[in-house]
Structure formats: C-alpha cells, structure tokens
Amino acid sequence: MAQIDEALRLDALHQLKLLDTLSSESFDRITRMASQIFDLPVAAISLTDSDRQWFKSRVGIEHNSIPRDKAPCGEVADSREFLVIRDFAKDAYYADSLLGQNGTRFYAGAPLVTREGFGLGSLCVLGTEPREITEAEVAALKDLAAMVMAQIELHHAFGRVDPVSGLPNRNQFLEDMADLANAPEAAERIAVLLDPFSAVQISDYVRVMGPGRADEMVRKAVLEIRRGIGPERAIYHVGTAQFVWLAPAGATADSYVNAVNAHGRNTLAGKGLPANGAIGIVSFEPHKRTPRDLLRALHSAAQDARAAPDRISVYSDEADRDYQRRYHLLEDVTAALESDDQLRLVYQPRIDLISGECLGAEALLRWNHPVHGNVPPDDFIPMTERSPRASAMTAHVLDIAMRQMHDWQNAGLSLTISVNISAANLSETDFVESLAATVREHDISFDRLELEITESAVMHDADQALAQLQKLSDLGVRVAIDDFGTGYSSLAYLQKLPAHVVKIDRSFISEIDRNARDQALVRSIITLSHDLGYRVVAEGVESEAAVTLLRSMGCDEAQGYHFARPMEAGHFLPWLRSLTPTSGPI
C-alpha cells in the first residue's frame with residue numbers, strides 16, 4: 001500500500017511540472033523570508049523526487065539537489081508532519097547523514113501538502129549550530145509553507161500549465177525568462193523552439209479525426225521530445241504544438257546545430273516526430289532581450305527553418321530586421337492603394353521570335369514609398385499576396401492596366417497586357433465577376449487581357465483554380481502559366497487547365513547559351529507545351545545567343561533586357577515606334 005501511495009505521490013508531484021524548472025522570484029521571496037525570520041544561513045523549498053531532494057528555491061546552498069537517502073525533507077514529505085532536528089550530532093538516525101557529515105546541526109521543516117493530501121516536500125531552514133524552536137517560529141514556518149503551496153496552486157491552476165500537455169505554458173515561460181534575467185549568473189544562453197507539425201498538418205488531423213486526435217499528437221510529441229533531450233530539461237508548451245527549452249549552460253548555437261547534424265534530429269526531437277518539423281535556435285543574453293522578444297525571435301527562427309534544407313535555423317538579427325521592415329511595409333500598403341502617386345505600373349515588352357513584332361507587355365507593379373523611396377517588388381508583393389490586402393492590390397493593378405489598355409486601344413494598337421494574379425485571387429468567390437466588370441467598364445476586349453498565375457498557385461487548390469480559370473477562359477481572357485518549371489505541379493492538372501501560354505522561368509534561360517542541361521530542359525518544356533497546345537514565352541532573355549537558341553527550339557516569344565527593360569507607360573509608345581519588325585527572324 002505504501003508503494004502505491006508513493007507512486008501516486010510522485011505522480012502528483014510530476015503533474016505539477018515544478019522539477020528542474022528555473023528559479024522564480026515568487027518562490028525565492030518566501031525562502032528569503034524564512035531565512036530572515038529564523039536568522040539562519042540556509043533555507044530551501046525542497047521537493048521530494050524518487051531519489052533526490054530538488055530545490056525549487058534556495059538560500060545559502062550551492063547545489064540544486066541532494067540524494068533523498070537520509071534527507072529530513074524526505075521524511076517530512078512521507079509523514080506530512082512538521083519536523084525539527086535540534087542537533088544532528090545527537091540524532092541517532094541523521095547524525096551520519098549527508099547533511100550531518102557536512103556540518104548541519106539544526107533543521108526545521110514544514111510540510112508542503114496538496115489539497116489531495118500528497119506530500120511534495122518541505123519548506124526548511126538549516127543552521128550550523130544546535131538550537132531550539134519556539135511555537136511562534138513553528139507557526140511562522142507553517143504559514144510560509146502555506147504560502148508556497150498557494151503559489152504552486154496559482155502556477156498550476158491559473159494560466160501556468162497547459163491542460164493538454166501538462167507542461168508549463170507560455171505565461172510560465174515568460175515569467176521564468178524574466179526571473180532568469182534577474183539571476184546574478186545570467187550568462188548567454190541558447191533557447192530552442194521545436195515546431196513539429198505544420199499548421200496544415202494540424203488542420204488536416206482536426207478535420208479528419210477531430211480535436212481529440214490533435215491533443216493526442218501533442219501528448220505524443222511531449223513524450224518524444226522528453227526522450228530526445230532528457231527528463232531533466234524543462235520544456236514549455238508555448239503554442240498549439242510548439243515547444244521551447246533551454247540548452248545546457250555553456251552551449252552555443254553552432255554547437256547545438258552541429259549536434260543535430262552529427263547525431264540526427266532524433267537527438268533533440270525524438271524518433272516519433274515528423275521529419276519536416278522545424279527547429280528555431282536563438283542565442284540570447286537574458287538581461288538584454290525581453291522574454292516576449294525572445295519568444296518572437298524563436299518563432300521567427302522556426303519560420304525561417306521551414307524554408308531551410310535541414311529545417312533548422314539560427315536566429316539572425318539582420319534577417320529579422322529585414323522581415324520586420326517588410327512587415328511594416330505591408331502595413332503601409334493600404335495607404336499606398338489609396339494614394340494617387342505611390343503605386344504605378346511599368347511595362348516589359350513581349351517579342352515574337354519569328355517576326356520581331358511586339359505582341360504585348362507584362363505589367364509590373366512598382367512602389368515609390370514616401371519614406372523608403374523605391375521599394376523592391378520582392379519586399380512587398382509576396383507578403384501582400386498572403387495578406388487580406390491581396391484582393392485590393394490585384395484590383396488596383398487591374399484597374400491601372402485596363403486604363404492603359406484602353407488608351408492603347410484608342411491609339412490603334414492591338415497589344416495584350418499580362419497581369420500577375422495570386423492563389424488568393426483564385427480563392428475569391430467574386431473574382432471573375434469583379435474582373436469582368438472592370439474590363440467592361442474600360443470598354444476593352446477580353447482577349448486583350450492575359451492573367452499570369454504560377455504553377456504553385458494553381459496547385460494550392462487545384463480544383464478551385466481550375467473552375468475559376470475556366471470561367472475566365474470562357475469570357476475570352478487569356479491564361480498564362482508563369483515561372484513554369486519552378487513549382488510543384490501535376491501534369492494531369494496542367495493538361496486540364498484552360499491555359500494559352502506557358503512562360504519558362506528565367507532560371508532556365510539565364511545560362512542557356514552555355515549550359516547543356518538547361519538547353520535540354522528548355523527544349524523538353526517547349527515540346528511538351530506545344531503538344532498540350534500552349535504558346536511558349538521565355539523570360540529573362542539577355543543575349544542574342546539565347547535568342548538564337550530559343551528560336552531554333554521553336555520558342556514563340558521572349559521578354560528580357562535583350563529587348564527592353566520594364567518601362568513607364570509614357571516611354572512605351574516611343575519605344576514601340578522605334579522598333580523595326582522584320583519580315584523574318586530578328
């Protein structure tokens with residue numbers, strides 16, 4: 001029976017997730033008070049584990065724990081009674097204990113007992129001289145022990161422990177990191193965030209099997225992480241399925257990454273977790289980085305890890321500043337859309353490789369920010385496409401392009417304008433209707449408009465994309481598959497797409513005149529595209545040698561600096577008039 005009780009007691013202790021956690025000022029304050037009230041050099045909140053006494057808080061003690069064997073606090077946990085040892089030297093049982101052998105002569109311990117009656121350990125005071133204890137002192141130590149238990153219950157019951165994993169949660173992490181910053185030995189440390197499941201994986205599990213299955217995934221992840229990093233390390237559950245811990249003191253970011261690469265991800269994350277989990281690592285000085293900023297940096301590193309080949313990323317201040325700059329730019333996009341002088345389109349001509357005629361132009365968005373000046377497209381377009389502003393930005397671009405097309409149409413030009421759209425646009429239920437209204441408003445022909453969409457955007461939701469693109473094609477709008485060859489696509493879906501044009505990505509074209517492998521790939525893409533009925537456009541053409549090769553392969557059109565850089569609308573007509581098409585190849 002006693003053995004069963006001990007198992008239950010240990011389970012109650014472990015469920016509180018106090019062992020091997022960082023020191024906390026809320027506990028240290030009580031320990032200091034005990035030392036001061038008794039005027040003794042040593043005081044501790046001592047928790048009784050299976051084979052050790054571990055100190056959640058301590059005054060006058062160098063080490064974190066001592067063996068449980070012949071430790072008075074162990075007796076207090078077992079008996080749940082107040083214990084006084086007035087003189088170790090005269091106590092038959094404790095005289096030869098570890099404490100007795102190291103000069104301890106006095107001990108007083110008040111039990112720490114849960115509401116269910118389990119003894120966790122004691123709040124104790126120790127001295128190097130024998131002494132008596134008064135009733136008032138006993139009462140005071142019991143009151144302080146009650147305060148310790150109240151603090152433990154607060155930590156466990158009020159936002160300190162995650163109900164699914166049983167781990168300390170984000171609030172506890174933030175508090176412990178604040179306590180770490182106040183510690184006198186607050187040297188540089190390494191924090192690690194493991195994000196074992198992507199948001200899509202969790203969503204799929206919940207959708208198919210219900211939230212209970214997601215909870216099981218979390219609990220299994222905790223077990224695997226514990227196996228990977230060891231039972232003594234404190235783990236924090238800081239997100240839906242995101243876990244943080246501190247590397248051992250003295251570790252560096254490089255040494256931790258090397259350990260993962262040398263021994264495999266299982267060293268840190270356990271064998272049973274997905275191989276595509278992300279690991280973010282941050283080196284930080286506790287007194288220089290706030291807990292919330294540390295957590296933000298960990299999330300940032302983990303996000304970068306998802307794009308890294310080994311799914312591990314060490315936080316970089318420079319990369320983070322760059323990301324934050326882009327994020328703050330995103331906040332300015334709304335104002336830019338409402339402004340008349342910030343966003344504009346430039347146009348890069350598309351040339352027929354047989355006749356040399358300009359058949360149209362790709363409309364490219366440019367942003368002249370009132371503070372930052374000209375913002376590179378890669379700094380704002382990708383983030384905007386993933387934000388709620390994607391619809392407004394595409395509508396704005398289409399409106400400008402339609403006005404320009406109307407002007408060219410009135411000038412007697414039969415040019416096609418290509419506009420890039422994103423996966424988010426194809427998810428809009430009213431996208432086709434809104435676009436049709438804009439085309440009719442500007443009184444232009446539907447077949448003068450071409451929409452460019454990447455392979456990856458099509459495959460984001462292939463069935464939805466197919467339905468939307470079919471509606472556009474039915475209106476007469478041309479569809480181009482942009483950056484072909486760089487995404488992940490299914491030929492089964494590509495052959496179903498109502499596309500008219502395939503645009504070969506510039507990465508295959510930039511060295512085509514000196515790279516046999518690129519030549520073979522481009523030739524295959526052109527042949528496949530023609531077999532599927534697509535017209536082929538090569539992007540990023542910068543030399544006459546590339547033009548000659550592409551023409552010999554049967555490529556239909558090209559665009560790139562060899563012909564013209566993207567230009568303002570006002571420069572396009574003069575450039576077009578200066579172009580002299582030939583009756584044969586250019």
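**Close-up views of the predicted model**

**View 1. Lining of the largest cavity, by residue class.** In this predicted model, the residues lining the largest cavity divide into 4 nonpolar, 4 polar and 4 charged. The lining comprises 12 residues, and those nearest the centre of the cavity are Leu16, Lys17, Leu18, His155 and Gln172. Helix 5 (135-157) and helix 6 (170-182) contribute at least two lining residues each. The volume of the largest cavity is about 90 Å³. In total, the structure has 3 cavities of 30 Å³ or more.

**View 2. The open sheet and its edges.** The sheet is open and built from 6 strands in the order 3-2-1-6-5-4, with antiparallel pairing. Strand 3 (65-67) and strand 4 (83-85) are the edge strands; each has a single partner strand, so one side of each lacks a neighbour in the sheet. From one strand to the next, the twist averages 25 degrees.

**View 3. Pairing of strand 2 with strand 3.** Strand 2 (residues 52-59) is joined to strand 3 in the antiparallel sense by 3 bridges. Gln53 has Ile66 of strand 3 as its bridge partner.

**View 4. Helix 2 against the sheet.** Helix 2 (residues 25-38) lies across strand 1 (42-48), strand 2 and strand 6 (119-127). The angle between helix 2 and strand 2 is about 80 degrees.

**View 5. Helix 3 against the sheet.** Helix 3 (residues 72-79) lies across strand 1, strand 2, strand 4, strand 5 (106-113) and strand 6. Helix 3 runs at about 140 degrees to strand 6.

Key:
Residues numbered from 1 in each chain as written. Predicted model: local features only at pLDDT ≥ 70, side-chain atom pairs only at ≥ 80, totals over all residues. Heavy atoms only, no water. Pairing = 2+ DSSP bridges. Helix = DSSP H or I, 4+ residues; strand = E, 2+ residues; numbered from the N terminus. Axes fitted to C-alpha atoms, helices over the stretch in contact; angles between N-to-C directions. Contact = heavy atoms within 4.5 Å. 1 Å grid on protein atoms, 1.4 Å probe; cavity = no way out; pocket = protein on both sides within 12 Å on 5 of 7 lines; lining within 4 Å. Points joined across faces, edges and corners; volume = space filled by probe spheres on them. Nonpolar A, V, L, I, M, F, W, Y, C, P; charged D, E, K, R; others polar.
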